[in-house]
Amino acid sequence: MNGDPGESAVSAVVGAVLLLALFSTAMSIYTISTLPEWKADKEEIQQKRVQAVLGDLRSDVEALSVRGDAGPVTAAVPLEAARVPLLQQTPARGTLGLADGFGAAFSFPATPSLFLSDGAAVAAPTTSLATPPCAGKCVATLEDLVLGLATSGVTSGKSVSVTITITDSAATPATLVAVLSHVGTASSSDLTLTVGSTTHYVQANAGTALATASAPYRVNLLDSRYTFASALSRLSEPLQVTFATSLSGSPAPSLVASGYTAVFTDANGLLRATGTGVATATPIPAFAGQRLVYRPAYQAYPSQDLSFEGGGVLVDAGATTQAMVADPSLRVAVGAGVGTLEWTLIDLDGAAGGVSGSDGATVRVTHTATQDVVLLTPASCNPCASITLDTPSAAGWANLLDLRTGLANAGASATVATATGQTTLTLASGSGPVTAGWVIHLRIIHATVTVT
Amino acid sequence: MASESAVSSVVGTVLMLGITVAVFGGFSVFALSYVQGEAHAPRADIAMVKEAGALYIQHKGGESFPARGGTLYVNVGGTQVTHHLSDPAFDGILSASWQVGDLLCVQGAAPGCLYAANADVRGAILVDQNALLAEVGERVGSGSSPTSSSSTSTGPPPPTQPFLDVDGDGVFTPGTDTTINATDLQDGSYDAGPYGLVIPASIGPISAAAINFNAGGTIVIAVDLEATTNPLSITSGGDIVFDSAALATLNNNNDMTLTAAGNITGTGLEIFVDGDLTINAGGAVNFAEATLSVAFSNRDLTITGASVNLTSATLSSADRILVTTTSGPLAASLVQAQSSGAQIWKSNQGGIVLDAATLDAGGSTLTACLATSTGQVSLAGTLSITDGNNKLNVQRASDCGTDARNSTYVTPWNATTQAATE
């Protein structure tokens, strides 16, 4: 030992080996235990980011539809989780792309009445102006209000007008007044709208051709072309609606026919329709569209697909373990024997394929068309209507529909059936909680998607 | 020989290296198994959604985790109700593990929901592995939390002015509730009509010749009340809630009466009465840790409720103490009850718990009365009995009557016995 350089060297080597082993052990423990937690944190954040972006996409597309705007709207989708500094060479990435597989079919075994299609009354508005949409202040939201007028004897200097007064629930009632006038002297056939400080009115400078019984004059007061709709939106609910007619000129012209069709949500949250519809067996066609799917390949957090389809965002952890993480516009309510279903579905179309990489992806959505129908089923029918969704995320949709119909206490009047790749919502009326029929408001927004 | 020596050195080094790696490898395995075996909060997206008439919890992505280990705290009408998800009541509602899409309905019209759609569910908290998984709505009390984290409390701030609680939510809602001038309460008399009444601590104590507060809804009192020459009476069509309050009547024969159609809650409440003290609730009476004192002779301390909680309370009466439950348990562990007259602890359903109680009836009788054969009187722990015979009667309620002074001892009590049942 003493003075033997060889043995000294061995001691140094042993010390170095011990230190190396200690360091290796510490790093092993850290790598196996702590690093995955950090990775999982960052990957969970990535999942939430993508989820939020896809959820925002729904409201953006719906806004395009409401405005009647083609768009496009764009969204930047991150495809790579943040990296753990120094210790993680390659962060988790995912792919985003369109995939086939979301379709909807609508079946009406009992022919429903079609009230409104794309905001226009299908049949001549027939409900008398003397009986406004709801007695008293019970209109929570006025969805559509279509007036129909047929006049005779409206010649130069004479006019027929209908005044619509809407009063809100404020302590000092705010009132909007719309005056719809058919003035015989005007030459233009276009509608114009004048907005005053206290009075908003639609004036029809219509020719006599529009004032005949065979071609009644119709106008949807809540059409986005008129600012009356936006003024109405500022009133406090519930609302009271009244109508008054006025004939001007000598000899006075006559109002041959008058009526309205309205769709509104009452103070109990139920969708109601007044007026007359047209029996239509196939009021809305089926569609077969696509899904926008984010497929992550995480290293620590569970790799669960996110799909934007039909207007909702779903997470997919397996064929039967799926959930809606951002709900579509869907509302089910039952009260006083009336069932309400309001549902906006988004139909995506575009070239299939995916994008991956560290730079993220850009989603561009263009609104191409919107179908908007309001239907009333017969009071006694079983089934009255069924809506079938074909999608790999059928379990997630069934989960949502079960929840919504359950919370609405729809009971046997709304049932959900699911099979592999398919979920069906069936509505019935007559013997369950719903005895007076279902009011169904369906909006199908068609859009084209590109992912780059 | 030199070359052999070198070989020996190399062999030794290799052996030491092997031993070192083996030792550290073993240590690593042990350490890793220890680290990985630690429980951690589930990394899952648990959504708790509250809508009109509905509150539900849903797993919306992330890890699956055991569903039955958590605890759900629900704020029902301002009272916290604790649900341990391991309870058998959840057997048909929850599976063994929370997986993506799994749902628990806390409130709603659908079958299987814990509370009906019209229940006064104000909020809920789900805790698992000591971690807050989800929370929605308002917490019970002024920001108190069942978890260590209180910084995320969404509870409303305490009110600063008395008000009529028109919407009955216990908090001041501008445009709906109506404030009251504090001076209108200082004379000790106020009728809130059909609404609730909230008297915050900020207005200070109320001392008047008589105290008489009535309300169709819940009454919340956070001030001291003193009736100087006449009785004190509080009557509610809903609940009565005392928050750090003290009540007193002065002068002889001034009674105090608290009556509520719902619950009466006064944890830590202090009451001093120079007359009869009568507490009558259609719902539960919760006077845990309260001090109730009846000083005048020939006056009783009477408490009646669907269920009664007097855990760790101190009761004293110059005459009798009569405690009765109509449909629930009578919980009085650690209670200290001293009376000059008889004591009757009576439960029509649910049993009586007098664990480690101190009961002193002077020379009169002590009686525990049960109405059902399934009820049980629990007397576990060190019990102190002081009456004429060092005994506690345990009887069926039908045999008790309203006055046990003449009742018969059916179960001799020996103070050294640790438990007794009917």
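Two strands count as paired here if DSSP finds at least two bridges between them. With that in hand, let's walk through this structure, which is a predicted model.

A good place to start is chain B, with strand 4 (residues 71–76) and strand 8 (residues 121–128). Six bridges join these two strands, which run antiparallel. Because two bridges are enough for a pairing, strands 4 and 8 of chain B qualify with their six. If you would like a spot to look at, find B:Tyr73, which has B:Ile125 of strand 8 standing opposite. As a reminder, the strands of a sheet pair through backbone hydrogen bonds, in either a parallel or an antiparallel way.

Now widen the view to the sheet around this pair. Four strands of chain B make up an open sheet with antiparallel pairing, in the order 5-4-8-9. At its edges lie strand 5 (79–84) and strand 9 (131–137), each of which pairs on one side only. On average, neighbouring strands of this sheet are turned by 15° against each other, direction ignored.

From here, let's move to the place where the two chains meet. Chain A brings 35 residues to the contact, and chain B brings 33 residues. The size of an interface is often given as the accessible area lost when the parts come together. Between chain A and chain B the buried area is about 2600 Å², and carbon and sulfur atoms give 65% of that.

What polar links run across this interface? The rule finds eight residue pairs in polar contact, both residues being at pLDDT 80 or more. On the side of chain A that touches chain B, at least two residues come from each of helix 1 (5–67), strand 18 (322–326) and helix 3 (394–407). Helix 1 of chain A gives the most to that side, with 18 residues. Sorted by class, this side of chain A holds 19 nonpolar, ten polar and six charged residues.

Charged pairs deserve a look of their own. Side chains of opposite charge can pair when their charged atoms come close. Over all chains, the whole structure has 19 salt bridges, and the count between chain A and chain B is four. One residue to follow is B:Arg43. Its side chain meets that of A:Asp41 in a salt bridge, at 2.3 Å from N to O. This pair crosses from helix 1 of chain A, where A:Asp41 sits, to the loop between helix 1 (2–37) and strand 1 (44–51) of chain B, which holds B:Arg43. B:Arg43 also forms a salt bridge with A:Glu44, where the closest N and O atoms are 3.7 Å apart.

Key
Residues are numbered from 1 along each chain as its sequence is written. Chains are lettered from A and ligands numbered from 1 in the order in which they are written. This is a predicted model: local features need pLDDT of at least 70, side-chain atom pairs count only at pLDDT 80 or more; totals for chains, interfaces and linings use all residues. Side-chain values use heavy atoms; hydrogens and water are left out. Axes are lines fitted to C-alpha atoms, for helices over the stretch in contact, and angles run from 0 to 180 degrees between N-to-C directions. Contact means heavy atoms within 4.5 Å. Buried area is the accessible area (1.4 Å probe) that two parts lose on being put together, summed over both. A polar contact is a pair of N or O atoms within 3.5 Å; within protein, one must be able to donate a hydrogen and the other to accept it, and residues adjacent in sequence count only if both atoms are side-chain atoms. Ala, Val, Leu, Ile, Met, Phe, Trp, Tyr, Cys and Pro count as nonpolar, Asp, Glu, Lys and Arg as charged, and the others, Gly among them, as polar.
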